[in-house]
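Hi,

Here is the structure I promised to pass on. Have a look, and then read my notes underneath.

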Amino acid sequence: MTISAARSEWDGQLFSGGWRTAEGGTTDVFEKATGQRLATVGLASAVDVAAATKRAAAAQPAWAATSFEERAAILRRAAALLEESSADVIDWLVRETGEIRARATHEVRISVGEIREAAALAGQPFGELLPTTERGRVSIAQRVPLGVVAAITPWNAPVILGVRVIAPALALGNAVVIKPDVQTPITGGLLLASIFEEAGLPDGVLHALPGAAEAGEALVVDPHTRLISFTGSTATGRRVGELAGRHLKKVSLELGGNNALIVLDDADIDAAASSGAWGSFLHQGQLCFSTGRHLVQDSVADAYLDAITSRADALAVGDPFRDDVELGPIINQRQLDRFDAIVQGTVAAGARLRTGGTHEDLFYRPTVLEGVAPSMPAFVEEIFGPVAAVTTFASDDEAVALANQTEYGLAAAIYSQSLGRGLEVARSMRAGMVHVNDTTINDQAIAPFGGMGASGNGGRFGSLANWEEFTQWQWCTTRDHAPHFAF
């Protein structure tokens, strides 16, 4: 399958029981680096959502009853198709999201792995035999599908963030309705729908509805959706959680982060600076687990600042589809203006701009801020841009206190040549994922991915954690002979 072949299907369309015209009209898709129009896709309305969830609810029981071998086989075919079409998918990711080719290549590779790992779920044990005091009675606890899973996904890593919901939910017998962000409707939804359709997924089991807030809210409140899986900002996540709770629905929230990198005085400074630059500048800092706050022990702060500033200055910024660059464009002007205001406000509050802080159109230079105090905007807020905010500390206890001085709790990293010291600091961190001598940007299909506090509501993606997310317990008993009761 190629992008050019699939485009004839999704031109002005959405995917819901086949390719069809959207009641909500159409929306254009633009290349982020140039502003060139790349495609026109269907824009889902609340009417489209209601029709899709009804189709999904009708198709789901038969899909759940399909043998685990067939479900796994379809997922393996989807993984193979994604891998075979990776060159086209990577090109589309680079143009639609603005991410560099190396990052897009990695995203496709781990997405293939996510689908293959999900395929293995279908053949795993799905229950437990419980003890019982009565002879002739069998008591079982078993996991059963939720029904229709609604996935609302963002623009910053659209393939992986779509796949990590679609693949395990399907493997475990659910139907899925995904609403990708309107800025990345192809890689976030329609391309994935094309792949699963070609892999042989039955009609009606997967729906891809690019849409704005109207479609998202309709999905949350729709009577057919039983799990709302939302990845995005904490502010929007609070709204999703509120609506889902009002309708007594299960909700899984993977939200923002203000992730800390702690550099202790015995760290390999060059390695720590490499991690810091990678964590803050990869994909223009537009990842939920990007490194936001660099907490550096005061005795090594000058060396660290020199090292990360040198790395920032060496990075090329430009069009990632046509040029060999390390940073591409910011997703849109609104996002650039938001984090640039954080940078300028932090400088106005007394921090020093070591490098960067400038931009041309949507291309923002990697930025290093020195002397960032805990009261300053770059320490308090999730930046979501290519900015490294450096704060110093005197002791390990102070480092932990600073790292935990945030409502977020997604990821953290610690650099120390003493593994015991690093682990001791890690145990005190309020974060769902902590890495010693590694970057905050870590994701594996076999690991539980998720955060604490304002970074999520306790849900996790990955491997066995997917059983908790996409199924529910059912207690079932049988007796050899039906008893008679007292009345």
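Let's start with Q284, which counts as buried because its relative accessibility is 1%. This is a predicted model, by the way. Q284 is found in the loop between α10 (269–281) and β13 (291–297), and its phi is positive, about 60 degrees, although Q284 is not a glycine.

L248 is another non-glycine with a positive phi, in this case about 55 degrees. It is found in the loop between α9 (234–246) and β11 (250–254). Is L248 buried or exposed? At 73% relative accessibility, L248 counts as exposed.

On to the helix pairs. Two packed helices are described by the angle between their axes and the distance between the axes. Helix α5 (residues 101–121) turns up in both pairs I want to show you.

With helix α6 (residues 158–171), the axis of α5 comes within 8 Å and the crossing is roughly 10 degrees. Angles under 35 degrees count as roughly parallel, so that is how α5 and α6 run relative to each other. On the α5 side the residues that meet α6 are E107, I110, S111, E114, I115, A118 and L121. Their partners in α6 are P158, V159, I160, V163, R164, A167, P168 and A171.

With helix α3 (residues 68–84), the axis of α5 again comes within 8 Å, but here the two cross at roughly 170 degrees. Anything over 145 is called roughly antiparallel, and α3 and α5 are therefore roughly antiparallel to each other. From α3, the contact is made by A72, L75, R76, A78, A79, L82 and E83. From α5, it is made by V108, S111, V112, I115, R116, A118 and A119. If you flick between the two pairs, S111, I115 and A118 of α5 are among the residues that meet α6, and they are also among those that touch α3.

Next, helix α12 (residues 333–348). It has 16 residues and reaches 22 Å from its first C-alpha to its last, close to the 22 Å expected at 1.5 Å a residue. Buried in α12 are Q335, L336, F339, D340, I342, V343 and T346. Where do the buried residues of α12 fall, seen down its axis? They sit within an arc of 150 degrees, so they line one face of the helix. R334 and A348, on the other side of α12, are exposed. The cover over the buried residues of α12 includes β14 (352–355), β15 (359–360), β16 (363–364), β17 (367–370), α13 (377–380) and β18 (387–393).

Both ends of α12 are worth a click. At the N-terminal end, N332 acts as a cap, with a side-chain oxygen 3.3 Å from the backbone nitrogen of R334. After the helix comes G350, with a positive phi near 125 degrees.

One of the elements covering α12 is β14, and T355 is found in that strand. T355 counts as buried because its relative accessibility is 12%. Its side chain makes a polar contact of 2.4 Å with the side chain of D313. Beyond residues up to four places away in sequence, T355 touches T309, A312, D313, P366, T367 and V368.

Two other helices, briefly. In helix α8 (residues 213–221), the buried residues are A215, G216, A218, L219 and V220. They pack against α2 (46–65), β7 (148–153), β8 (175–180), β10 (225–231) and α9.

In α15 (419–427), the buried residues are G422, V425 and A426. They cover an arc of only 105 degrees around the axis, which puts them on the same side of α15. That set packs against β12 (259–263), α14 (396–403), β20 (411–415) and β21.

Last one: G432, in the loop between α15 and β21 (433–436). It has a relative accessible area of 28%, so it is partly exposed. Leaving aside neighbours within four places in sequence, G432 is in contact with G409, L410, G450, G451, M452 and R460. Of these contacts, R460 is 28 residues from G432 in sequence, with the two C-alpha atoms 9.3 Å apart in space.

Cheers

Notes:
Residues numbered from 1 in each chain as written. Predicted model: local features only at pLDDT ≥ 70, side-chain atom pairs only at ≥ 80, totals over all residues. Heavy atoms only, no water. Helix = DSSP H or I, 4+ residues; strand = E, 2+ residues; numbered from the N terminus. Expected span 1.5 Å × (residues − 1). Buried < 20%, exposed > 50% of the residue type's maximum accessible area, 1.4 Å probe, protein only. Arc of directions from axis to C-beta. Contact = heavy atoms within 4.5 Å. Polar contact = N/O pair within 3.5 Å; in protein donor to acceptor, adjacent residues only side chain to side chain. Axes fitted to C-alpha atoms, helices over the stretch in contact; angles between N-to-C directions. Parallel < 35°, antiparallel > 145°, perpendicular 65-115°, else oblique.
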